[in-house]
Amino acid sequence: MPSPDQLRSRITDYVEAVNSRDAKAIAALFTEDARQADPVSNPPNIGRAAITAFFETSIGGSESWTFTAKAVHTCANKVAIDFEIALVTGGASMTIDGIEVFDVNEDGLFISVDAYWDESDLSFG
């Protein structure tokens, strides 16, 4: 099982990959058969290819973004982060505040991630 320091390091890698806006680099942090739901109320993306496609669509739908893990909490092979993503889309700015919960395998790859946010977590301007 990854140590708490290894889990925190993996989240640093994730934040850097998300901010690079490189869908393949983000998806490379996941297992081939990983499950990702963002938000968790949406049907999940299953597999690295589907996760890559999700991020490609997200990147294509925005001009820029800054993703921040405001707090990182570990327990066993799980990591929960309190995140903020500030993005510009269609010339307008929007911020999403939420929580992501990751399951991590022995190799430090994400098995699953669920994002928790809804319309009340959005702010504009």
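Here are some short exercises with worked solutions on this predicted model.

**Exercise 1. Backbone angles**

Task: Find which peptide bond is cis, and say where Pro 39 lies.

Solution, step by step:
- Begin with the general picture: most residues other than glycine have a negative phi, and most peptide bonds are trans.
- Now look at the bond from Asp 38 to Pro 39, where omega is near -5°; this peptide bond is cis.
- Then place Pro 39 on the chain: the loop between β1 (30-37) and β2 (45-46) holds this residue.

**Exercise 2. Following Arg 21**

Task: Work out where Arg 21 lies, what sign its phi has, and which ring its charged end sits over.

Solution, step by step:
- Locate the residue: Arg 21 belongs to the loop between α1 (4-20) and α2 (23-27).
- Check the backbone: phi of Arg 21 is near 60°, a positive value, although the residue is not glycine.
- Follow the side chain: its charged end sits over the ring of Trp 65, 4.7 Å from the ring centre.

**Exercise 3. The β3 and β4 hairpin**

Task: Describe how β3 and β4 pair, then decide whether Ala 76 is buried, partly exposed or exposed.

Solution, step by step:
- Take the direction: β3 and β4 pair in the antiparallel sense, over eleven bridges.
- Pick out one facing pair: Thr 74 stands opposite Val 79 in β4.
- Turn to the connection: the two strands form a hairpin with two residues between them.
- Find Ala 76 there, in the loop between β3 (64-75) and β4 (78-89). Its phi is near 55°, another positive value in a residue other than glycine.
- Compare its accessibility with the cut-offs: buried means under 20% and exposed over 50%. Ala 76 has 46% relative accessibility, so this residue counts as partly exposed.

**Exercise 4. The β4 and β5 hairpin**

Task: State how many bridges join β4 and β5, and which residue of this hairpin takes a positive phi.

Solution, step by step:
- Count the bridges: β4 and β5 pair in the antiparallel sense over twelve bridges.
- Look across the strands: Ala 80 stands opposite Val 101 in β5.
- Finish at the turn: two residues lie between the strands of this hairpin, and Gly 90 takes a positive phi near 60°.

**Exercise 5. Aromatic rings**

Task: Find how many aromatic pairs the structure holds, and classify the pair of Tyr 14 and Phe 102 and the pair of Phe 67 and Phe 83.

Solution, step by step:
- Start with the total: the structure holds seven aromatic pairs.
- Take Tyr 14 and Phe 102: their centres are 5.1 Å apart with 80° between the planes, and the pair is edge-to-face.
- Trace this pair along the chain: Tyr 14 is in helix α1 and Phe 102 in strand β5 (residues 92-104), 88 residues apart, so the pair links distant parts of the chain.
- Check the surroundings: Tyr 14 counts as buried because its relative accessibility is 3%, and Phe 102 counts as buried at 0%.
- Take Phe 67 and Phe 83: with 5.5 Å centre to centre and 25° between the planes, this pair is stacked.
- Trace it too: Phe 67 in strand β3 and Phe 83 in strand β4 are 16 residues apart, and the pair links distant parts of the chain.
- Check these residues: Phe 67 is buried, with a relative accessible area of 5%, and Phe 83 is buried at 3%.
- Bring the rings together: ring pairs link Tyr 14, Phe 30, Phe 67, Phe 83, Phe 102 and Phe 110 into a cluster.

Conventions: Residues numbered from 1 in each chain as written. Predicted model: local features only at pLDDT ≥ 70, side-chain atom pairs only at ≥ 80, totals over all residues. Heavy atoms only, no water. Helix = DSSP H or I, 4+ residues; strand = E, 2+ residues; numbered from the N terminus. Buried < 20%, exposed > 50% of the residue type's maximum accessible area, 1.4 Å probe, protein only. Phe/Tyr/Trp six-rings, centres within 6.5 Å; stacked < 30°, edge-to-face > 60°. Lys NZ or Arg CZ within 6 Å of the ring centre and 35° of its normal. Pairing = 2+ DSSP bridges.
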